[in-house]
Structures are given as C-alpha cells and as structure tokens.
Amino acid sequence: MCVPGCQETILERLSRRRFLTGALAATAAAAVAGPAAAAESRKAPPANLGGKIREIVEMTHVMGPDFPTFSGAVNLEIEVLFTFAQDGFNFKRWLLIEHTGTHMDAPLHFTAEGLSADMIPIDQLVVPLAVVDIRHKAAANPDAQVTPDDLRAWEKKHGRIPDGACVAMYSGWEEKLYTPGFRNADAGGVMHFPGFHLEAVQFLARERHVNGIAVDTLSLDFGPSPDFATHYFWLGEGRWGMENVANLGKVPPVGSTFIAGGPRIAGATGGPSRCLALVHHPRRGHHG
C-alpha cells in the first residue's frame, strides 16, 4: 500500500527507465542488508531433503472472490486502482480475510499468545510429506476423520512417519470444489466434510513430533465439529496447519518434501499460502 501522495508521484514522475533503475537499486540494497537478514538467507535446508527431485507439484489452489469459504461469505475483494492501458502500469488493492483459499493456520489463530505466521521458523516449513488416503471413508461418510488407526495402517505400509513431517489428509474433497458439495451444508447450516480427529493429532504431536498437518477441505476439524478440538489442541501445541491444499492425489504417500510458503506478515494468524511438493521418489508410489 502506498504512503499518502505516492500514487500522485508515480503518475507524475514514473518512467519505465526509472522504475527499472529503482528495482535494480532495491535488489542491490537487499544484497547488502544487515547481518540478521544475511544470516537468515544462509540457513541450510533440513538434512532430510536428500534424493533427486523428480517432479514439482503445485499444492495451491488459485484463489478468487468465488473460492468457497468456511463462513459462506465472500472473503476476497479486488479493486483495480491503475491499469497499464491508462496509466502505464497495473496496480490493485486487495481486501481479504486471512483464512481463505489455500492457507495457513498459525498457532496464534487459536491461542492467546502463540506464534504468528511470520514467526514460524523456516526449518519447520520445509518438511517431509506423508499423505494419508482416506477417500474410501470419505466416500461412505462425509464426516469421516483421520484416526490413530489410519495413521498406524499408513505406517505399516510405508514406514514410520518422519520426524518433523507434514501429515496430509487426502479425502478427495477437492473434486467437489466450486460445487455446493464442498461446504456440504445441511438444512440447518451444519457443514459435513472430513478432517483430523483429536486423538490423531494428539498421536502426531506426542508420539511422532510432526510439525504440520494439511487437509484438502475447509478445516482441520471435520465439518460438524462443535468445539474445534483439533484446532485448539494442534495450534495450541505451537504447530501449523494448511487448509484447502490442492493436488494431494498427484504426490506419493511418502517420498516428497512439502514447502509450506506461509505469509510473512507481522502478527498474521495465518493467510493465503503458496505450497509446493518436491517429489523425490518415482511416480509408481502415487495413489491409485
């Protein structure tokens, strides 16, 4: 957002040459930033990222004003302030709710003094990905939940859930996106879609030391949750969640690295995020 008067200055003074010069200057300034910024940029990636990257999978839905929301309200408004045809550059203003689209839930979302999104250490945002497929349960019961039994069955087949991982629920709910079935509200307004059971996230936190969980639905809790127990416990433990994650069916159950590109906005309780999966293992491990 421009400070007062900057839009007028842009209109009066901005030329393409000056714009490019300014961009180059900003890049140079970033290169000589203070020691803290330099140190942060040099942080080594986690040691568990070994293996050749075979594929990069987009895990983020494109977000627009019509993206389904938990409340059912429009959570994004876009105002065009300047256009290239008229002003020589494009410039828009967004008004959005933090928790819309593919987005992060930071600990602060459901705690009094938890970490905001900008405070989560980066080594907790680039992590092994474990995808738990519960499509069969979700097809039979929209209120299905990931349980400890589902997690133990996954481990029997794929090995122990990696320390520090992101464990993702793959319910197949993405296929309902942009239809009433995604929110799946009944006559009383109660939504019905899958999520994580409280006992499952307690297991992941206490026995598997997982950093994050992800879902392909609107909420970490299942739709008719009366108390958001999963949110309160998981975020209360200082861990993060990702909601409305895309393309979980395009990555293998194990063998990928998840990049949780959460927002770096001071004090954010969460926000729209760019998530990617780096697939290290062959495609034969993909879901059938």
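**Exercise 1. The β2–β3 pair**

Task: State in which sense strand β2 (residues 76-82) and β3 pair, and over how many bridges.

Solution. Step 1: β2 and β3 are joined by six bridges, and their pairing is antiparallel. The model in which this is seen is a predicted one.

Step 2: Take one position as a check. In β3, lysine 92 is the residue opposite valine 80.

Step 3: Turn to burial. Strand β3 covers residues 91-96, and among its six residues the count of buried ones is zero, so β3 is hardly covered.

Step 4: Compare a residue of the partner strand. Phenylalanine 82 belongs to strand β2. Its relative accessibility is 10%, so phenylalanine 82 counts as buried. From its C-alpha atom to that of arginine 93 the separation is 9.7 Å, with the two positions eleven residues apart along the chain.

**Exercise 2. The sheet of nine strands**

Task: Give the strand order of the open sheet and name its edge strands.

Solution. Step 1: The order of the nine strands is β1-β13-β11-β5-β7-β9-β10-β4-β12, and the pairing is mixed.

Step 2: The edges are β1 (55-58) and β12 (270-272), each of which pairs on one side only.

Step 3: From one strand to the next, the twist averages 25°.

Step 4: Add the helices that pack on the sheet. Helix α6 (residues 148-158) touches β5 and β7, and its direction makes about 105° with that of β5. Helix α9 touches β4, β9 and β10, and its direction makes about 135° with that of β10.

**Exercise 3. Strand β5 and its two partners**

Task: Determine how many residues of strand β5 (residues 126-133) are buried, and which senses of pairing β5 has with β11 and with β7.

Solution. Step 1: Of the eight residues in β5, six are buried, so the strand is largely enclosed by the rest of the structure.

Step 2: On strand β11 (residues 256-261), the pairing with β5 is antiparallel and has four bridges. Proline 128 has threonine 257 as its bridge partner in β11.

Step 3: With strand β7 (residues 166-170), β5 pairs in the parallel sense over five bridges. Here valine 132 has methionine 169 of β7 as its bridge partner.

**Exercise 4. Strand β10 and its surroundings**

Task: Describe which residues of strand β10 (residues 240-243) point each way, and whether they are buried or exposed.

Solution. Step 1: Recall the general pattern. Side chains of a regular strand alternate between the two faces of the sheet.

Step 2: Apply the pattern. In β10, Trp240 and Met242 point one way, Gly241 and Glu243 point the other way, and all are buried.

Step 3: List the partners. Strand β4 (residues 103-105) is antiparallel to β10 and pairs with it over three bridges. Methionine 104 stands opposite methionine 242, and histidine 103 has glutamate 243 as its bridge partner. Strand β9 (residues 212-215) runs parallel to β10, joined by three bridges. Isoleucine 213 has glycine 241 of β10 as its bridge partner.

Step 4: Include the connecting helix. A right-handed β-α-β unit is made by β9, α9 and β10.

Step 5: Follow the chain into the loop between β10 and β11, where asparagine 244 lies. Its relative accessible area is 2%, which means that asparagine 244 is buried. Apart from neighbours within four places in sequence, asparagine 244 is in contact with residues including His61, Phe67, His103, Phe182 and Asp216.

**Exercise 5. Packing of α8 on α9**

Task: Find the angle at which helix α8 (residues 198-206) and helix α9 (residues 229-236) pack, and how far apart their axes are.

Solution. Step 1: The angle is about 10°, and the axes of α8 and α9 are 9 Å apart.

Step 2: Classify the angle. With this value, α8 is roughly parallel to α9, since angles under 35 degrees count as roughly parallel.

Step 3: Identify the residues. From α8 come Leu198, Val201, Gln202, Leu204, Ala205 and Arg206, and they meet Ala229, Thr230, Phe233 and Trp234 of α9.

Step 4: Sort them by character. The contact of α8 with α9 has seven nonpolar residues, two polar and one charged.

**Exercise 6. The whole chain**

Task: State how many helices and strands the chain has, and what share of its residues is buried.

Solution. Step 1: The chain has nine helices and 13 strands.

Step 2: Of its 288 residues, 41% are buried.

Step 3: Consider contacts between residues at least 6 apart in sequence: 74% of them join residues at least 24 apart.

Key: Residues numbered from 1 in each chain as written. Predicted model: local features only at pLDDT ≥ 70, side-chain atom pairs only at ≥ 80, totals over all residues. Heavy atoms only, no water. Buried < 20%, exposed > 50% of the residue type's maximum accessible area, 1.4 Å probe, protein only. Helix = DSSP H or I, 4+ residues; strand = E, 2+ residues; numbered from the N terminus. Pairing = 2+ DSSP bridges. Axes fitted to C-alpha atoms, helices over the stretch in contact; angles between N-to-C directions. Parallel < 35°, antiparallel > 145°, perpendicular 65-115°, else oblique. Contact = heavy atoms within 4.5 Å. Nonpolar A, V, L, I, M, F, W, Y, C, P; charged D, E, K, R; others polar. Right-handed = clockwise from strand over helix to strand, strands pointing away.
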